Structure formats: structure tokens, C-alpha cells
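Visitor: I would like to learn how to read the features of a protein model, taking one kind of feature at a time. Could you take me through this one?

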Amino acid sequence: MSLPEADSPPACAAAIASGDRAAVANALNLLDDRRPAARREAAALLAHLQQHQDKPGGQLIGITGPPGAGKSTLSASLIRVWRRRGLRVAVLAVDPSSPISGGALLGDRLRMQTSAVDDGVFVRSLSNRGQFGGLSAEVWPMSIVMLAGFDMVLIETVGVGQREVDVARLCDTTCYVAQPGSGDSVQFLKAGILEVPHILVVNKSDMGAVATRTLSELESALHRTHPDGHWQVPVLATSAANGTGIEALADALEQHYRLLQSRNELVSRRRSYQSYWLHKRLLEEFGTAGVDRLGGEEQLLAELQAQDMNLFTQYETLRRRLDQRPINTRE
Amino acid sequence: MSQETVKRDRPWLMRTYSGHSSASASNELYRTNLSRGQTGLSVAFDLPTQTGYDSDHPLAHGEVGKVGVPINHIGDMETLFEQIPLAQMNTSMTINATAPWLLALYVAVAERQGVDPSQLQGTTQNDVLKEYLSRGTYIFPPEPSVRLTTDLIAYTVQHIPKWNPTNICSYHLQEAGATPTQELAYALSTAMAILDAVQASGQIPPERFADVVGRISFFVNAGIRFVEETCKLRAFSRLWDTLTGERYGVTDPKQRRFRYGVQVNSLGLTESQPENNVQRIVLEMLSVTLSKNARARAIQLPAWNEALGLPRPWDQQWALRMQQVLALETDLLEYGDLLDGSPVVEAKVQELMDGAKAEMARVEAHGGMVACVDNGYIKRELVQSHTRRLRNIESGELKIVGVNCFQESAESPLTAGEESGIMKVDERAEREQIASLRAFRAARDKDRVEAALRQLRDAASGGDNIMPASIECARAGVTTGEWSEVLRTVFGEYRAPTGIDIAPVAPGDAAALEAVRARVRKTGEALGRPLRLLIGKPGLDGHSNGAEQIAVKGRDAGFEIVYEGIRLTPAQIARAAQEEGVHLIGLSVLSGSHLELVQEISRELQQIGASDIPLVIGGIIPEEDAQRLQAQGLKAVFTPKDVDMNTIMNSMVTIIREANGLEPAG
Ligand code: B12
Ligand SMILES: Nc1nc2c(ncn2[C@@H]2O[C@H](COP(=O)(O)OP(=O)(O)OP(=O)(O)O)[C@@H](O)[C@H]2O)c(=O)[nH]1
Ligand SMILES: [Mg+2]
């Protein structure tokens with residue numbers, strides 16, 4: 001895909017920042033595009049977006065949890081609450097793809113639907129093409145685009161293993177949705193397999209006793225203070241079906257955001273995550289050989305974290321260095 | 001044997017499912033049909049009436065009077081039955097989510113005709129669970145829907161004792177792909193769920209509960225494998241007899257009788273060589289008439305042109321004559337049960353009963369019928385069965401004459417006529433209906449309407465039986481849309497699971513699938529990202545089979561699929577396409593309103609700056625309309641004749657390639 005002149009990166013970035021839905025959609029398509037020319041354009045666009053991003057406006061929230069816990073339904077309920085509070089919402093719903101055909105059914109959208117046509121809600125589904133077991137490398141730049149155009153950005157993904165770690169390394173706030181009656185969540189927490197989320201939710205509280213039991217098990221399995229420090233992890237009960245507990249969840253999410261803001265951590269955290277993703281994206285694009293040419297993983301990460309310059313500009317520069325003699329591992 | 005002395009059984013009730021354009025046009029049709037020997041009425045309502053919208057609601061646009069009659073208020077209902085004395089009539093109404101409302105209107109019209117409601121005879125389909133699984137005209141979430149169903153049952157058992165308050169339907173399940181075993185299991189599980197709910201509602205004293213059980217009737221399907229279908233009906237009778245005896249303690253065998261009506265299979269009726277449908281229909285009719293001990297009470301047959309579009313009066317007459325020939329000319333009704341004691345039949349019946357019991361147990365294990373609707377278990381099973389059926393047609397294992405064998409044909413005189421062999425709905429119907437609705441609204445007593453609606457809201461939120469308040473609404477001149485809107489506000493609305501998230505089914509033609517996959521992959525690489533397809537079901541049309549099967553096939557061919565189920569607005573579809581960045585939009589429309597819907601979607605796409613996304617459509621699209629659509633820029637039109645799914649996938653890849661400046665054949 002090649003952007004026409006009028007849609008130059010600066011113009012695009014401005015349109016996205018103004019919440020133009022077509023511009024957001026086109027940018028997401030571009031960021032998904034693996035052709036070298038598109039990669040170049042994407043890098044340029046990101047560099048420009050970053051300039052619009054000096055003031056970190058939106059909150060990036062990750063929702064993970066086992067399959068069928070009600071993540072999408074809960075997201076729909078949250079969207080309704082946020083809309084009532086006047087916030088504009090974008091969602092990135094990550095679904096697994098079929099290992100055989102590469103095809104995928106992107107099913108989360110169905111549950112997220114909030115009936116009416118609403119300019120303040122934007123949902124993009126993404127099939128997780130699952131490189132390296134974690135989240136697709138596209139998730140990160142896409143979340144940047146969404147953050148530029150919306151107040152709340154929600155990333156839904158089935159949380160297991162590396163994918164769940166990836167979400168934690170991407171979002172300002174992570175929220176884990178547990179399924180009542182399944183001991184898995186408790187086991188994972190105890191065994192340290194589960195990164196400690198900022199908020200733990202037991203959904204389907206309308207199921208009664210099973211839900212209450214899971215709630216108390218999680219409460220006792222959890223060290224309440226988050227490893228980030230300064231944050232007491234709340235364990236909340238919700239019912240997406242009946243709409244109970246949703247306001248409280250929205251409040252908790254907001255409190256965590258306030259904390260990050262008041263401690264001036266938002267920008268620094270995002271920056272440290274971004275170097276992780278920059279590396280991931282370069283790795284995905286140019287392979288280990290490419291990363292080695294930039295001095296190897298360790299040196300690259302250290303460099304990215306140390307420098308003061310706009311990470312995306314830096315990304316563009318690094319890409320250009322490698323692009324001059326492309327090593328394409330994807331042939 | 002001397003002919004005169006032979007005692008024949010009374011034939012079953014012969015019906016023709018019909019209704020179109022307006023109440024007065026349908027009334028005329030009914031009176032003609034009755035004069036031709038039809039013995040009962042079967043009313044088809046249009047989709048806005050079935051989904052609770054007045055004819056002037058934006059969502060009704062293009063649908064008014066199309067697949068049935070629009071009924072907005074008591075005036076329409078009165079016109080529908082003009083000169084048809086309700087005291088003598090047996091009326092079957094195919095109505096579900098709005099069943100309490102249409103029954104209320106029927107009662108109010110009876111009152112005006114001076115007929116005591118307790119004399120009324122007939123049926124409301126009133127089985128909402130299968131709407132989520134197949135038929136698609138649900139409105140509210142499952143729980144309040146079940147409550148409305150049980151309210152209607154409890155009311156009629158007490159006040160309209162000869163009414164069949166619910167017709168538990170397995171017909172629609174087979175039409176959505178169900179096997180005989182699944183048909184048995186899900187219908188019986190539904191009946192159980194409904195009876196349990198009536199019991200739990202406490203509206204019927206325990207000593208009268210057997211009367212409720214005795215009023216439950218069924219609406220089943222009969223497919224082309226007519227021996228197995230015969231056995232299925234025998235299995236139904238036996239399982240129902242046991243269930244009602246054991247679970248509900250019904251002792252009177254008459255109240256345990258499996259009473260059922262039939263519409264024979266329509267899914268297997270073809271667009272190619274449509275004359276073959278006549279022999280299919282006749283054979284299918286045998287399976288519900290052969291066994292005297294499990295014979296249908298009422299039969300309605302589709303017409304030879306089922307897959308082409310709506311039938312004309314002559315087409316329906318032909319179908320009615322099939323029944324009359326079987327009942328009156330043949331000697332079928334002179335004998336006792338022909339199959340009793342046949343070991344072959346007995347073994348098959350046993351096998352079906354065992355299968356059904358096992359599946360019913362699985363439904364219980366997944367939380368029971370209502371939970372299985374919401375968690376998607378049953379819908380997935382149905383989609384999977386249908387996928388298997390289509391793969392077997394693809395591979396030739398399942399033979400369909402004229403479709404995957406003996407395709408050569410002389411030209412058919414049946415489709416050569418000026419109307420190309422189908423009913424054309426009067427384009428003025430919608431406008432006239434809206435005008436008369438507005439006049440009706442203007443003339444009624446507003447205070448009485450307001451009071452009746454308040455009473456309805458209180459009953460809905462308070463838990464009183466919904467019928468008395470609904471009947472008062474009918475008398476007061478409330479409209480279908482107003483009645484439904486009150487309940488929408490109290491109960492909320494619902495979207496059912498799509499069931500497409502099934503495991504891959506072995507391909508019918510593995511090499512062909514591999515070839516498509518390779519093309520999908522290659523084209524995705526050339527465009528920088530995997531190919532994405534949005535499958536959209538716009539409007540009130542609930543026919544989801546085609547959309548589901550294209551979705552499953554598309555996934556297996558390597559597409560990323562966005563499909564959000566039925567009944568979306570053109571604006572929702574256009575926006576979803578843009579948000580999801582799809583390469584192609586594939587619409588599926590079978591209800592006949594394709595022209596209006598395509599136009600609206602194109603307009604929406606234009607408005608949001610996404611008109612570069614190419615559009616294709618599939619469904620029941622007459623040739624003439626197909627040409628019109630393609631002239632308007634639609635890239636392809638698929639109809640039931642296009643049975644080869646691999647070919648459909650390939651065409652879509654080609655269209656995407658063309659739209660993106662790639663070599664089309666690549
Ligand atoms: C099965 C069926 C039903 C089932 C639907 C189950 C379900 N969940 O889908 C049930 C029993 C519920 C049903 C109900 C009704 N039906 Co019906 N039904 C049919 C029937 C017999 C077959 C349709 C079907 O599923 N075929 C199998 C699928 C796989 O084929 P398909 O959809 O045609 O898809 C193929 C192609 O068209 C194409 N395609 C389709 N969509 C798409 C999309 C894309 C992107 C692509 C690429 C291709 C594509 O590819 C497919 C592969 O071959 C047709 C008649 C017939 N034989 O075609 C009537 C028919 C469609 N029904 C009809 C009617 C009127 C109704 C009702 C409205 C009746 C009423 N008044 O209440 C109801 C209500 C439904 C509703 N809510 O809208 C009419 C429509 C009349 C018209 N267009 O003028 C028909 C034509 C019958 C008739 N002659 O009267 N029906
Ligand atoms: N009883 C109850 N059911 C719920 C609730 N929330 C969601 N569900 C149901 O749980 C099922 C799964 O819901 P989803 O929202 O699709 O769950 P998910 O976690 O997004 O699922 P995946 O994306 O497939 O992993 C659906 O049948 C929902 O109706 C709830 O609060 N109570
Ligand atoms: Mg989900």
C-alpha cells in the first residue's frame with residue numbers, strides 16, 4: 001500500500017490525533033502491512049505520531065484471562081460506562097489463528113457490540129499470528145495509533161504464557177479476568193506463572209457460590225502489593241451479564257491511571273516498554289541476523305533505553321540502516 | 001375387498017403457509033385457498049411484525065409485506081380475518097418473539113366478531129429457543145423470552161383451552177443442518193426446558209399440569225431419506241411418551257400423545273432443475289404419513305420453486321394437490337400401521353432413540369437447553385453438521401440429482417414464463433401500509449393507549465402474566481412496535497452466538513482446498529497482510545446458513561473472517577468493514593430485500609470514505625436483480641446454484657486481486 005501525497009505521514013498523524021476514523025483505519029492497515037515500502041511508511045508515521053504524543057493523554061489497558069471468562073462481554077460493559085463518562089474508546093481484540101490454514105475467525109467483535117452506531121467506539125480485531133509465542137509485533141504500534149486518537153485503549157487477549165507477559169509489557173494497566181470455579185488462575189498466581197496484574201476480576205459473579213469461592217481463593221493467594229510498588233491490587237467481582245460491578249472496575253482502572261500520573265511514571269514506563277517492542281519488531285522484520293548487525297540484543301536494548309531521542313525516530317533510523325542491505329528472513 | 005365398505009381414517013389438516021403484501025391482499029388469498037379445499041389457515045407474517053417493528057420503522061424499510069403479511073394493530077388483524085368466522089377456523093400463526101402480542105390481537109378480533117375467546121382453535125408457534133439456533137426472529141435474551149413463552153402457555157391453558165400454545169420446532173433445526181438425532185434431542189430438550197419453566201412459574205396448579213403437557217405440540221421436518229425420517233417420527237412418539245410419563249407423571253395416554261405438524265424439508269430443494277423438487281416433496285410427505293401410529297396432524301408443503309423465490313398461488317395449489325392425491329386417491333388411510341413389527345424399522349428407531357438420549361444428556365451436562373443456547377454449544381453442533389453435509393455434497397458422497405450429478409438438462413418450460421416462475425410482491429404495499437398505519441395512529445384514543453402501555457410495562461417488570469395487559473393493549477389500539485418497544489426497554493435485546501467457531505471438518509476435495517489456500521496466502525503476501533473478509537447479514541433477514549458456511553469455509557481457506565451474526569444495519573456493516581480493514585465485504589441476503597440493502601450499504605460506505613472496499617452478495621437473488629446489482633458496481637452475485645464453495649472462494653480472491661491492481665488470475 002502506498003499512501004497518496006495528501007496522506008503524507010504528518011497529515012496522517014494529524015488526522016489520527018483528531019480522531020478521524022478513516023485515518024485510524026488506514027493507519028492500522030499500514031501497520032499490519034509487511035511489505036518493505038509499507039514498513040518504511042509506517043516507521044515515518046509512528047515518528048510523527050510520537051510528536052503528537054508528548055502529552056500522554058489516553059490510558060492503555062490490557063485485559064487477559066482464560067478463554068471464555070467473559071473478557072469481551074466485560075469490555076462491552078466497560079465501553080458503555082466509559083461512553084457515559086464521555087470517553088472515546090478503541091479496542092484491539094487479539095484472537096488466535098488457525099495453525100493449518102492461517103485463517104481465523106475474529107469472534108470478539110460480536111460480543112463487544114454496543115448496538116448503536118457510535119463514532120466514539122472503534123474496534124479492530126487482529127489474529128495473533130503468534131511469532132515467538134507471544135503477541136504479534138503489530139499490536140504495539142497499533143496501540144500507539146489508537147492512543148493517539150482515543151481516550152481509552154483496550155487490548156483483549158487470551159492470557160497464557162508469553163502472550164500474557166507481553167500484555168503486561170505493553171499496557172499502563174493490566175487486568176486479569178478469572179473464570180469462577182476454575183482453579184487455574186489461583187494456581188498460576190501461586191506458581192508465579194501469572195504476572196501479577198494491577199486488577200484482578202472474577203467475572204460472572206451472577207453464578208453465585210462458585211464465584212464467591214474463587215474470589216476468596218484469589219484474595220488469599222495474592223500478595224496485595226503489586227511488584228511495581230505503591231499499588232494495592234484490588235480483587236473485584238463483576239457480572240458482565242447483569243452489569244454489576246462495572247462502575248467499580250472502571251473506577252479502579254482510573255485510580256491506577258491517576259497513580260501512574262501522579263508519580264510521573266506513565267511516560268517512563270511506556271518508554272521502557274517501547275524499547276522491548278522496538279526490539280521485537282526489528283527481530284520480526286529482520287531476524288536475529290539483523291539484530292546482530294545492530295550489535296546484538298543486549299547492546300541494542302541498552303542503547304534504546306539510554307538515548308533521549310524520540311524512540312520512533314530512532315526506530316526509523318535503525319530500520320534505514322538495515323534496509324540499505326535488507327536481510328529478509330521472510331522469503 | 002369392496003370399496004364401499006372400507007373405513008378410511010380422516011385425513012390430516014392441509015395447510016398452505018401464506019401471507020403477503022397487506023392484510024386485505026392476504027385475506028383474499030385465504031378465502032380463495034379455503035374455497036379450494038384447504039382446511040386450515042397458516043399465517044406467514046412479514047419480518048418487521050415478527051421482530052417487533054412497525055411498518056414505518058427504519059429497520060422495516062424494504063421488508064414490509066415481503067415474506068408475509070404486515071400486522072401493526074387490531075385494524076390489520078381484523079382485515080386479515082374479514083368474513084372468516086374465527087369460531088370455526090383453525091389458525092396456525094408462525095410467530096415467536098411477538099407471539100403473545102399476535103395472540104392478543106387475535107383474541108381482540110374474536111371479541112369484535114362476537115366470538116368467546118374460549119372457543120378459539122389454533123396454534124401459536126411460540127418457540128423462541130429455536131429462533132436463536134436457526135430461525136432468527138428473537139428479540140430479547142433467552143430468559144425473558146422463556147418467560148413470555150410460559151406466560152402464553154399458562155394463559156391459554158386456563159382461558160383458551162383448545163389453543164395449541166406452543167409448537168416446539170425441530171423443523172428449523174433440520175433446515176439449519178441438524179441430523180435426525182440432533183433434531184430429536186434438541187426438540188425434546190426444548191420441550192423439557194419449557195415445561196420445567198411453566199412448572200417453576202407456579203402459574204398452573206400441580207393437578208392441572210397434565211393439561212399443559214397435553215397441549216404441547218411439535219412442528220417437525222421430514223427430509224429426503226424418508227425411511228430414516230419415518231423412523232425418526234416413531235422415535236419421537238416413543239421418547240415423548242416416556243418423557244411425559246416419567247418426568248411429568250402424566251398418566252392419561254392421550255395427554256402423552258406426540259401431536260405434530262409438518263413442513264417437509266426445504267433445504268434440499270434446489271434451484272437447478274427445480275422440477276425435481278416435486279418428487280422430493282412427495283417422497284418426504286410419505287415419511288410423516290406412512291405410520292398410522294405416528295402420523296402428522298397437519299401438513300404444509302413447500303412449492304417446486306422454493307429455491308427460486310416466493311411461490312405464486314398456482315405453485316401453492318400444486319403443493320396442496322400433492323396432499324390431496326395422497327390422502328384421497330391412494331389407499332394409505334385404509335390400513336392400520338404398516339410398519340409395526342418390522343425388525344428393520346424397530347432397530348433404526350432404537351438407534352435413533354439411543355443417539356437422542358445421549359445427546360440430551362450432553363445438553364444437560366452443558367447446563368441445559370437455555371444455557372446451551374447462550375453458550376453456543378448447540379449452535380456450533382448445528383453449524384458443524386451443516387458443514388459436513390456441504391462437504392459431502394462437494395465430494396459427491398451425498399448425491400443431489402441435477403446438482404452434483406445429472407446436471408445436463410433440457411430447457412425448463414416452468415421457469416420460462418414472464419414472471420420467471422416466482423411471485424412478485426407489489427412494490428406499493430409498503431407505502432400503502434405506512435399510510436394506513438399513520439391514519440390508524442392518528443385516530444385512536446391516546447389516553448387509553450398510554451394507560452394500556454403502562455399496564456404492560458408493569459406486568460413485564462413486575463412478573464404478572466403478560467397476556468391480560470397485552471389483550472388490553474390490542475383493544476386500545478397499541479401497535480406492534482409500541483408493544484415490543486416497552487418489552488425491549490424492560491428486558492433488553494440480545495445477539496445470539498454464531499456457532500462458526502468449530503473445528504475444521506475434513507475437506508470434500510482436499511486438492512481443491514489446498515489450491516485455494518495457496519492463492520489466498522500468495523495474495524495476502526502480495527498485499528502485505530493476510531486477506532480479510534467481512535461477512536455481513538444486513539436487515540431483518542435471519543437466514544444465516546449461507547453466511548455461516550461461507551465463514552467456516554473462508555477460515556479454512558485461510559481468510560481472516562469477521563462475522564457478527566444476523567440483523568445488522570447497513571451503517572453497522574459499513575463501519576465494521578472500515579474498522580476491521582477488510583479486503584472484501586460479502587453480503588448474504590435471502591429475504592428478498594437485497595436491492596434496498598445494497599443501495600444503503602453503498603451509500604454508507606461512501607459517507608465514511610470506504611467505498612473502495614469491493615462488495616459481493618449471495619443469496620436468493622433473481623437473475624434480473626443480479627444484473628441490476630452488477631450494473632451498480634457489485635463485483636459478483638452468488639445464488640444456491642453456486643454449490644462449489646472452492647469456486648466461490650477462488651472468485652473472491654480474484655475480485656480482491658483485481659481491486660488491488662494485481663494480475664487477476666495470479
Ligand atoms: C433453510 C431455509 C430457512 C431456514 C433458515 C435457517 C438458517 N439459520 O439459515 C428457516 C427454516 C429458519 C427459514 C425461515 C424462513 N424463511 Co427460509 N429458506 C430456507 C431455504 C430452504 C434454504 C436456504 C439455505 O440455507 N440454503 C443453504 C445455504 C448454504 O445456501 P445459500 O444461503 O443460498 O448460500 C449459497 C449461495 O446463495 C451463496 N451465498 C449465500 N450467502 C453468501 C454470502 C457470501 C459472502 C457469498 C460469497 C456467497 C453466499 O453461497 C452459498 C453456497 O451455495 C430457502 C429456499 C432454498 N431452498 O434456497 C428458504 C427461503 C430463503 N426462505 C424464505 C422465507 C420467506 C423464510 C421466512 C421469512 C418465512 C416467514 N415468513 O417467516 C422464515 C423466516 C426467516 C428469517 N428470520 O428471516 C424464502 C425467501 C423468499 C424471497 N427471498 O423472496 C425462501 C427463498 C423460500 C421460499 N421460496 O419462500 N428458512
Ligand atoms: N453468567 C455469565 N456469563 C457471562 C458473563 N460474561 C460473559 N458471559 C458468557 O461467557 C461466554 C464467553 O464470553 P466472552 O465475552 O466471549 O468471553 P471471552 O473471555 O472474551 O472469550 P474468548 O475471547 O473466546 O476467550 C459467553 O457465553 C457470555 O455470554 C457474566 O458476567 N455472567
Ligand atoms: Mg473474547
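**Charges, fold and interface**

Guide: We can begin with charge: in chain B, the mean positions of the 67 positive and 84 negative charges lie 2 Å apart. Please keep in mind throughout that this is a predicted model.

Visitor: Which secondary structure elements does chain B contain, and how many of each?

Guide: Chain B holds 25 helices and 15 strands. Its radius of gyration is 25 Å, close to the 26 Å that the globule rule gives for 666 residues, so chain B is as compact as a globular protein of that length. The C-alpha trace of chain B spans about 75 × 65 × 55 Å along its principal axes.

Visitor: What share of the residues in chain B is buried, and how far apart in sequence are the residues that its contacts join?

Guide: A residue is called buried when its relative accessible area is under 20%, and in chain B such residues make up 62% of the 666. As for contacts between residues at least 6 apart in sequence, 79% of those in chain B join residues at least 24 apart. Chain B exposes about 24,900 Å², of which carbon and sulfur atoms supply 51%.

Visitor: How many residues of each chain are in contact across the boundary between chain A and chain B?

Guide: On one side 32 residues of chain A take part, and they are in contact with 37 residues of chain B. The area buried between the two chains is about 2,800 Å², with carbon and sulfur atoms giving 47% of it. In chain A, the residues that lose the most area to chain B are Leu105(A), Arg109(A) and Leu110(A), together 24% of what that side buries.

Methods:
Residues numbered from 1 in each chain as written. Chains lettered and ligands numbered in written order. Predicted model: local features only at pLDDT ≥ 70, side-chain atom pairs only at ≥ 80, totals over all residues. Heavy atoms only, no water. Helix = DSSP H or I, 4+ residues; strand = E, 2+ residues; numbered from the N terminus. Rg over C-alpha atoms; globule rule 2.2 N^0.38 Å. Buried < 20%, exposed > 50% of the residue type's maximum accessible area, 1.4 Å probe, protein only. Contact = heavy atoms within 4.5 Å. Areas by Shrake-Rupley, 256 points an atom, 1.4 Å probe, with all protein chains shown as cover. Lys, Arg positive; Asp, Glu negative; His and termini not counted. Charge placed at Lys NZ, Arg CZ, Asp CG, Glu CD. Buried area = accessible area lost by both parts, 1.4 Å probe.
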